[in-house]
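Visitor: Please give me a close look at a single part of this structure, and then relate that part to its surroundings.

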Amino acid sequence: MKKLAWFLLLPLAAFAASRDDFASQWPLALQGADGGAYRVVLDREVYRQLQSPRLQDLVVVNAQGTPVATAVFPADAPLAQAGASIAVPWFPLPVDAGGPARDIATISEIATDGSLRRVELRGPGANEGATGDGGFVIDASQLRGAIAALRFTWSDDAAFDRGYRVSASDDLRQWRDVDADARLVQLLNNGQRIVEDRIALPAVQARYLRLLPQSPQAAALQVTGVTAERVGHLAAPALQWEELQGRRVESPDGLVFEFVLDGRFPVEAADVVSAGNSTRTWTLESRDDDASPWQPAASPWVAYRVDSGGKASSSPAQPLHAGARHRHWRLRARDAFEGPAPVLRLGYRPEVVVFLAEGGPPFALLAGSARASRQDAPLPQLVEALRSERGRDWQPATATLGQRALLAGDAALQPVAPPIDWKRWLLWGVLVVGALLVAGFAFSLLRGKPAA
């Protein structure tokens with residue numbers, strides 16, 4: 001830290017603001033007293049207070065109420081890094097491989113390094129006439145670290161919705177369940193193809209993974225490749241969702257559904273939920289206020305929901321063009337839409353606030369103001385310098401939000417009327433008085449002029 005002591009001279013975000021300029025505050029509980037720099041994850045309550053699209057009405061203050069150096073980082077910063085994707089071997093299994101009497105190890109050839117060389121589709125005790133989908137086993141023995149997801153490719157052209165039970169093992173004999181309801185989906189609609197080819201896993205670390213069909217299938221899935229996604233150094237937080245109820249609006253371009261998002265959420269994905277079984281192409285637009293033009297938020301996509309056999313399958317979330325903090329959203333269906341308005345789900349990942357522990361604790365997070373604006377601080381450079389010195393796995397100490405306390409409330413969200421510019425009005429007054437004096441002097445001259 002001595003080499004980085006100059007960072008401690010970072011200027012405080014010295015703006016003319018006090019606690020009365022903010023709507024709410026949250027006390028911060030620090031992980032340790034000597035952390036120096038801390039990180040706190042924002043939550044829904046904070047986003048609903050914020051007014052600035054750039055989150056400038058958010059700052060951390062110390063015990064004296066003085067703002068400290070504060071910066072907002074993306075959800076996956078400052079350390080989260082995506083894990084690598086690696087192709088892994090896979091082997092189809094006999095139709096009865098999931099039976100209690102079957103031992104996959106007895107029909108497999110394993111190399112000295114633990115990797116699978118082959119799995120016999122027919123062996124002692126196998127049902128020679130059985131056809132259908134027996135599932136498959138995936139060889140992850142050469143991977144290092146946990147697996148976050150599996151992604152599949154296949155050559156099947158027909159539509160399907162297949163459920164699998166995923167389990168893990170280190171010896172091909174003892175299996176533990178990982179996901180009891182994993183699904184691979186391919187739907188076809190008017191020439192469009194909807195695919196769900198990724199199975200998310202809860203950070204599984206095992207030498208082998210097995211997928212067994214939940215129900216009998218007439219034919220095996222024609223898998224052409226399997227890719228394992230490894231867990232990154234710090235996995236980015238999962239998407240959190242805001243569900244919005246819309247209203248029907250008859251626009252010049254036809255029927256649309258409009259929604260209002262209560263907060264400055266960093267939205268990055270969208271989903272549409274309609275009642276019952278449905279499949280429909282949607283277009284999503286957004287804007288910040290009623291005076292702004294609508295902007296495309298995502299490419300047109302097909303959202304579907306299929307209830308079958310007591311289980312529901314739905315389309316994956318649609319990624320947006322770029323993270324948006326807009327408050328107004330609009331859905332438009334390509335085809336005629338009857339029935340109740342759909343529910344719009346907007347997904348976001350909570351961002352991270354990093355602050356420097358300048359001054360004495362306790363520290364508090366202030367948010368929500370139409371009057372105050374936080375100045376930028378070079379905290380990204382500080383974090384990068386500390387990571388270079390202490391290792392790439394270093395991160396600021398943790399701070400957590402306490403119970404929200406009301407400060408100025410809604411009054412802080414109302415813009416302050418601009419101050420009267422007395423100098424300007426005084427200048428105009430002098431000019432007007434001067435003009436009147438000149439006019440009066442000219443009039444008196446005209447009255448005193450002798451007649452010809």
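Guide: The part chosen is an open sheet of four strands in the order β5-β16-β10-β14, with antiparallel pairing. β5 (85-87) and β14 (198-204) occupy its edges; each has a single partner strand, so one side of each is left without a neighbour in the sheet. Direction ignored, neighbouring strands of this sheet are turned by 25 degrees against each other on average; the axes are lines fitted to C-alpha atoms, for helices over the stretch in contact, and angles run from 0 to 180 degrees between N-to-C directions.

This is a predicted model, in which local features need pLDDT of at least 70 and side-chain atom pairs count only at pLDDT 80 or more, while totals for chains, interfaces and linings use all residues. Residues are numbered from 1 along each chain as its sequence is written, and side-chain values use heavy atoms, with hydrogens and water left out. Strands (E, at least two residues) and helices (H or I, at least four residues) are DSSP runs, numbered from the N terminus. Two strands pair if DSSP finds at least two bridges between them.

Within the sheet, β10 (residues 147-154) and β16 (residues 223-230) pair in the antiparallel sense over seven bridges. One residue pair fixes the register: the partner of L150 in β16 is A228. In a regular strand the side chains alternate between the two faces of the sheet.

A further sheet offers a useful counterpart. Six strands make up this open sheet, ordered β6-β9-β15-β11-β12-β13, and the pairing is antiparallel. Its edges are β6 (90-92) and β13 (192-196), each with a single partner strand, so one side of each has no neighbour in the sheet. From one strand to the next the twist averages 20 degrees. Four bridges join β9 (residues 136-139) to β15 (residues 208-213) in antiparallel fashion, and I138 has L209 of β15 as its bridge partner. The loop between β11 (160-169) and β12 (176-189) contains L172. Phi of L172 is near 70 degrees, a positive value in a residue other than glycine. L172 is also buried, with a relative accessible area of 1%; buried means under 20% relative accessible area, exposed over 50%, and partly exposed in between (1.4 Å probe, protein chains only).

The nonpolar interior comes next. A nonpolar core is a set of buried Ala, Val, Leu, Ile, Met, Phe, Trp, Tyr and Cys residues joined through side-chain atoms within 4.5 Å. The largest such core has 42 residues, and those with the most contacts inside it are W282, L284, W329, L331 and L344. Apart from it lies another core, of 26 residues, among them I147, Y164, L201 and L221. I147 falls within the residue range of β10, and L201 within that of β14, which leads back to the sheet chosen at the outset.

Elsewhere in the chain, four of the five residues of β2 (residues 37-41) are buried, so β2 is largely enclosed by the rest of the structure. β2 pairs with β28 (residues 352-356) in the antiparallel sense over five bridges, where R39 stands opposite V354. With β30 (residues 397-401), β2 pairs in the parallel sense over two bridges, and A397 is the bridge partner of Y38 there.

β28 also meets a helix. The buried residues of α2 are L379, L382, V383, L386 and R387. Seen down the axis of α2, these fall within an arc of 130 degrees, so they line one face of the helix; the arc is that of the directions from the helix axis to the C-beta atoms. They pack against β4 (70-73) and β28, contact meaning heavy atoms within 4.5 Å.

Two further loops deserve mention. The peptide bond from P361 to P362 is cis, with omega near 5 degrees, and P362 lies in the loop between β28 and β29 (363-367). L55, in the loop between α1 (44-49) and β3 (58-61), has a positive phi of about 60 degrees although it is not a glycine. Most residues other than glycine have a negative phi, and most peptide bonds are trans.

For the chain as a whole, there are three helices and 31 strands. Buried residues make up 43% of its 452 residues. Of the contacts with a separation of 6 or more, 81% involve residues 24 or more positions apart.
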